[in-house]
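Student: I would like to work through this model with you, beginning with one helix and then turning to the ligand.

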Amino acid sequence: MPDQPFAEQTVVITGGGTGIGRAAALSFAELGARTVIITGRRKERLAEVAALHEAIVPVGADVTTEAGAQAVADAVGERGGVLDVLVHNAGIFRFSPLAALDAASARDVVETNVLGPLLLTGHLLPLLRSPGGQLVLVSSRGGHNPGPDSSVYSASKAAVHSFTRSWAAELAPRGIRVNAVAPGFVRTEVYAANGLGPEQVEGLFAGVTATVPLGRIGEPEDVAQWITRLADPANELVTGQIITVDGGLDIAAR
Ligand code: NAP
């Protein structure tokens, strides 16, 4: 990758205030992007990340709403109106054992993980550079290797896998590439957001680590570097691909 592959580019990253989105925003900024618009609902978290690099612009927006999608489109419009890279990273995980089905929780997962990227892609497509635009979706290993007690989340990420392939085919004639990363376990706040305490999170990570062939769980930067690689304009022939970043868990599960 050249030193500044995203020079003069405008990038949007949903969920850029924390975790994988935060790491991706900093990477795009360090790799030369002129503007990195980060979105999320918690404005204070967005402001913390924006304070780390002058290219990063915080935009409060809920991915589940049309108003949120329009706010992001307006922010791109105010900065020249051409978008080079769109990273659909915002997502939530909720346990969903069938024996304790919670329809409201299931709706939240589907609206955030499935409706969210769909709405935002629809609003931003007219602004996406053509040819040359890039979409990167942050999916999950659960999208192709679902486990128990999380069928709703896994189904939502299977939908993200499907978006990746459908949109790649649909947008190829416009010269727009669409790819995804599918992380395994990554050390972010997503587990605490499910009500797990610090000791429970560390216990979960320790248990998982013992099963990872490469011997550790992921850090946000492990995933961020694949987001930027997939969005690198030099990768002209890569589209419709889903890169699993899981330390080899998929191989172990065979
Ligand atoms: P995280 O730190 O909890 O990040 C999730 C981000 O999504 C937050 O910044 C959150 O910001 C944003 N978000 C959630 N709902 C939103 C909404 N309605 N509108 C706008 N933004 C919203 O966790 P993460 O691990 O970095 O997650 C990033 C992505 O990686 C997700 O798609 C997740 O499914 C995927 N993933 C993570 C793992 C893992 O082990 N960590 C594994 C596989 C896949 P606000 O709450 O401020 O809105």
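**Helix α7 and the ligand shell**

Tutor: In this predicted model, the buried residues of α7 are P220, D222, V223, A224, I227, T228, L230 and A231.

Student: Which elements are included in what covers the buried residues of α7?

Tutor: The buried set of α7 includes V223, A224 and I227, where buried means under 20% relative accessible area. The cover over these buried residues of α7 includes one helix and several strands, namely α1, β4 (85-88), β5 (134-138), β6 (177-183) and β7 (242-245).

Student: How far does helix α7 reach from its first C-alpha to its last?

Tutor: Helix α7 runs over residues 220-231 and has 12 residues, for which 16 Å is expected at 1.5 Å a residue. The span in the model is close to that expectation, at 17 Å.

Student: Which helices each supply at least two residues of the shell around the ligand?

Tutor: The ligand is surrounded by 29 residues, with T18, R41, Y153, T188 and Y191 the closest, and the shell divides into 12 nonpolar, 12 polar and 5 charged residues. The helices that each supply at least two residues of this shell are α1 (19-30) and α5 (151-171).

Student: What percentage of the ligand's accessible area does the protein cover?

Tutor: An oxygen atom of the ligand is 2.8 Å from an N or O atom in the side chain of R42, while a nitrogen atom of the ligand is 2.8 Å from a polar backbone atom of V63. An oxygen atom of the ligand is also 2.8 Å from a polar backbone atom of N89. Of the 880 Å² of accessible area that the ligand has on its own, the protein covers 96%.

Note on methods
Residues are numbered from 1 along each chain as its sequence is written. This is a predicted model: local features need pLDDT of at least 70, side-chain atom pairs count only at pLDDT 80 or more; totals for chains, interfaces and linings use all residues. Side-chain values use heavy atoms; hydrogens and water are left out. A residue is near a molecule or strand if one of its heavy atoms lies within 4 Å of it. A polar contact is a pair of N or O atoms within 3.5 Å; within protein, one must be able to donate a hydrogen and the other to accept it, and residues adjacent in sequence count only if both atoms are side-chain atoms. Accessible areas come from the Shrake-Rupley method with a 1.4 Å probe; for residues, only the protein chains shown count as cover. Helices (H or I, at least four residues) and strands (E, at least two) are DSSP runs, numbered from the N terminus. Ala, Val, Leu, Ile, Met, Phe, Trp, Tyr, Cys and Pro count as nonpolar, Asp, Glu, Lys and Arg as charged, and the others, Gly among them, as polar. The expected span of a helix is 1.5 Å times one less than its number of residues. Buried means under 20% relative accessible area, exposed over 50%, partly exposed in between (1.4 Å probe, protein chains only). Contact means heavy atoms within 4.5 Å.
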